[in-house]
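Work through the exercises below with the sequence and the model side by side. Try each task before you read its solution.

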Amino acid sequence: MDRTPAEIVRAANETLIANEDLDRIGDFFSPGFVAHLTDADMTGGHEAIRRFLTSLRGAFSDLQAEVQILAESNDRVAWQRTWRGTQDGAYQGFPAIGKHIVWRDMVVSRVENGLLVEDWSITDLAEQLLRARKR
């Protein structure tokens, strides 16, 4: 049975983030996966995804993510992910502060042959890290 793009996004988040099973990246992402971010593209396929998730887990040991599907059409799905975690490790130049952070990603994902091949993503993580330092 073929999975819809929304089902793939939900399953990937559950498996890779909630269950921390990074050995299953290939079940959800194509080897050539590219994430288009605000100022650059994240290339490097499976290894880039592994580095990203490992880095987040290292900075937010109690990391959780909740996915809300916004719209789905053919090979694309628009979705929001709400992250929660205590920043007890350094992340992207932000030293650990031991405070609980909540941030959101807005993503449009494209699926091809049952795998995620491309994302367009924006996040407010840096804004929330800055805001937490003022609290």
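**Exercise 1. Follow one residue pair from strand to strand, then set out the whole sheet.**

Begin with Ser73, whose bridge partner in β4 is Arg76. Before going further, note that this is a predicted model, in which local features need pLDDT of at least 70 and side-chain atom pairs count only at pLDDT 80 or more, while totals for chains, interfaces and linings use all residues. Residues are numbered from 1 along each chain as its sequence is written, and side-chain values use heavy atoms, with hydrogens and water left out.

Step 1. Strands are DSSP runs of E with at least two residues, helices are runs of H or I with at least four, and both are numbered from the N terminus. Two strands count as paired if DSSP finds at least two bridges between them.

Step 2. Strand β4 covers residues 76-86 and is joined to β3 by nine bridges, the two running antiparallel. On the way across the sheet, Arg76 stands opposite Arg110 in β5, and β4 and β5 pair antiparallel over eleven bridges.

Step 3. From β5 we pass to β6, again antiparallel, over eight bridges; here Glu112 has Leu115 in β6 as its bridge partner.

Step 4. Put together, the six strands form an open sheet with mixed pairing, in the order β2-β1-β6-β5-β4-β3. The strands β2 (41-42) and β3 (64-73) stand at the edges with a single partner strand each, so one side of each has no neighbour in the sheet. As background, strands of a sheet pair through backbone hydrogen bonds, either parallel or antiparallel.

**Exercise 2. Find residues with a positive phi and say where they lie.**

Step 1. Recall that most residues other than glycine have a negative phi.

Step 2. Asn74 has a phi near 55° and is found in the loop between β3 and β4. Gln92, with a positive phi of about 50°, lies in the loop between β4 and β5. In the hairpin of β5 and β6, which has two residues between the strands, Asn113 takes a positive phi near 55°.

Step 3. For exposure, the cut-offs are under 20% relative accessible area for buried, over 50% for exposed, and partly exposed in between, with a 1.4 Å probe and protein chains only. Asn74 is exposed because its relative accessible area is 75%, and Gln92 is exposed because its value is 63%.

**Exercise 3. Which residues does Thr38 touch, not counting residues up to four places away in sequence?**

Step 1. Locate Thr38 in the loop between β1 (29-36) and β2; at 69% relative accessibility, Thr38 counts as exposed.

Step 2. Contact means heavy atoms within 4.5 Å, and by this rule Thr38 touches Ser121 and Ile122. Thr38 and Trp120 are 82 residues apart in sequence, yet their C-alpha atoms are 8.5 Å apart in space.

Step 3. Ile122 is found in strand β6, residues 115-123.

**Exercise 4. Examine salt bridges and decide which parts of the chain they join.**

Step 1. A salt bridge is a side-chain nitrogen of Lys or Arg within 4 Å of a carboxyl oxygen of Asp or Glu, and a search of the whole structure finds nine of them.

Step 2. In one of these, the closest N and O atoms of Arg50 and Asp23 are 3.7 Å apart. Since Arg50 lies in helix α2 (residues 45-59) and Asp23 in the loop between α1 (5-18) and β1, the pair ties together parts that are 27 residues apart in sequence. Arg50 is partly exposed at 28%, whereas Asp23, at 67%, counts as exposed.

Step 3. Glu127 and Arg131 form another salt bridge, with closest N and O atoms 2.9 Å apart. Both residues lie in helix α3, four residues apart, about one turn of the helix. Glu127 is partly exposed at 40%, and Arg131 is partly exposed at 45%.

Step 4. The side chains of Asp27 and Arg24 also meet in a salt bridge, at 2.6 Å from N to O. Finally, return to the sheet, where Arg110, Glu112 and Glu118 are linked in a network of salt bridges.
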